[in-house]
Amino acid sequence: MIKFFTDLHLFYCLLMIGLFTSCKEVLPPAAFGPVPNENQMAWHELEQYAFVHFTTNTFTDKEWGYGDEQPAIFNPSSLDAEQWAKNIKEAGLKALILTCKHHDGFCLWPSKYTEHSVKNSPFRDGKGDVVKEVSDACRKYGLKFGIYLSPWDRNSAQYGTPEYIIYYRNQLRELLSGYGDIFEVWFDGANGGDGFYGGARETRRIDNETYYDWTNTCTIVRELAPTAMIFSDAGPDIRWCGNESGFAGETNWSTISMDTLFPGKSGIEKLLNQGEENGNSWCPIEVDVSIHPWKWFYHENSKVKTPETLFNIYMESVGHGANLLLNIPPDRRGLIHDNDIQALKGWKKLRDEAFADNLAKNATIKADTERGNSNKFAAKNAVNGDKNTYWATDDDKTSGTIEIDLAELKTVKYIVIQEYIRLGQRVKTFSIEARRDNRWDTVAEGTTVGYKRIISLDSIKTNAVRIKIDAKACPLISNIEIY
Ligand code: FUL
């Protein structure tokens, strides 16, 4: 009897071990290096949004007001924030950041800490609040709203003293608590020196590294707007791209070591533009550029960038794994000018046409290696339209090749690749090959991929595309599109 039970026992045990081994779960890779937090992930997914520069400069034809402008000159004849929001939305942009106060110190909201604001202007008989009108319009049109509050203030008599920091923070609190959800706070690194400063009309120099005490200012943002991203030349959440021409590096690591950086530090443009492969923080790039060449504010007869130029900017910002912040400045009426609207429409059309028909959707896909031979990490995850699944290799394989068979000869102009960055940015180099007459030719080579990489090809004819990847750790590719 005892013997019978023991044999049966043994049989069940072996059966269970067998079942367990065949169903053994293949685990996802561990994170590699710094990774984005949830706020940064949501920010990456916005990809592109608008900057709106508007203040007394719009009426004085200046780019940097001295600080002695009379509030009386701020008098837009027909300001319509909904016209801004509607056109920005229709251009496919996802948010709007408003210059609530530029370097001249004039406040677009009736701040209780200064008289230098809309409340002493003819706009809406001194009862207006541009920040409120714009944030309301954004909500109505489904755009996120962000604020720019210039640290440098050429109007304030206190500028350069510790009292000014109290003033600056009070204004920040007003903006963060009175206008609904704020998705981004933009801290400018510019500090030019001379200004009105309450009538002193002199040059005031501050120490960029210490004067603003950014750590404690950022704490205010964290308390009042916990999901807001903080932008400055040097993070902490998003960094500047190092230029105002509209491009992120061909190599663009979203990682950088920020320990010795601070807003306004000079000589770090290239570092900011490319990031650092082994940087210790996740701090991706935002590319800020204006629709008017070299002008942030509206000026009569300003040239407007063509849809084609805007498309190139898109390719070198969003297409290089950065977010694009495109400045669209309203004119003296308080409206986005029709020339700008036409450029935005043309740009949207170019994007829609370029990315209309994703050939990878119905294609057959395979990879030379798949993590644990598991469906969970199979090549097909890169074309299933689900950003949460990805193709991965085993931990000990840092390179891999994925092949997309288009079944017949197609014309291919763009290839989009996205890494599953929630587990870190990994791809160091890639090459793209196209199959023609049973021969594989290399048609493009590049370095980093990151959140998104868009590769432009010479309208090649091919029936299959092969992407070879070399990474710092096992590569994780969540999306491939072919157009
Ligand atoms: C710069 C400023 O000096 C420009 O006027 C503009 O606001 C640009 C976005 O940032 O630092």
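**Cysteines and the ligand site**

Cys283 is buried, with a relative accessible area of 0%. In this predicted model, Cys218 is buried as well, its relative accessible area being 13%. For both residues the label follows because buried means under 20% relative accessible area.

What, then, of disulfides? The structure contains zero of them. The reason lies in the distance: the sulfur of Cys218 has its closest cysteine sulfur in Cys283, and because these atoms are 11 Å apart, they are too far from each other for a bond. A disulfide would call for a pair of cysteine sulfur atoms within 2.5 Å. Seen from the other side, Cys283 takes part in no disulfide, and its nearest cysteine sulfur is that of Cys218, 11 Å away.

Attention now turns to the ligand. The space taken by the ligand is the second largest pocket. Around the ligand are Phe51, His53, Trp64, His102, His103, Tyr148, Trp186, Asp188, Ala190, Glu244, Asp288 and Trp296. By residue class, this shell divides into six nonpolar, three polar and three charged residues.

Polar contacts to ligand oxygen atoms come from several of these side chains, including two histidines and an aspartate. In His53, a polar side-chain atom lies 2.7 Å from an oxygen atom of the ligand. For His102, the corresponding distance from a polar side-chain atom to a ligand oxygen atom is 2.9 Å. Asp188 contributes a side-chain N or O atom that is 2.7 Å from an oxygen atom of the ligand. As for cover, the ligand taken alone exposes 290 Å², and the protein buries 91% of that.

Key. Residues numbered from 1 in each chain as written. Predicted model: local features only at pLDDT ≥ 70, side-chain atom pairs only at ≥ 80, totals over all residues. Heavy atoms only, no water. Buried < 20%, exposed > 50% of the residue type's maximum accessible area, 1.4 Å probe, protein only. Near = heavy atom within 4 Å. Polar contact = N/O pair within 3.5 Å; in protein donor to acceptor, adjacent residues only side chain to side chain. Areas by Shrake-Rupley, 256 points an atom, 1.4 Å probe, with all protein chains shown as cover. 1 Å grid on protein atoms, 1.4 Å probe; cavity = no way out; pocket = protein on both sides within 12 Å on 5 of 7 lines; lining within 4 Å. Sits in = over half its atoms within 2 Å of the grid points. Nonpolar A, V, L, I, M, F, W, Y, C, P; charged D, E, K, R; others polar.
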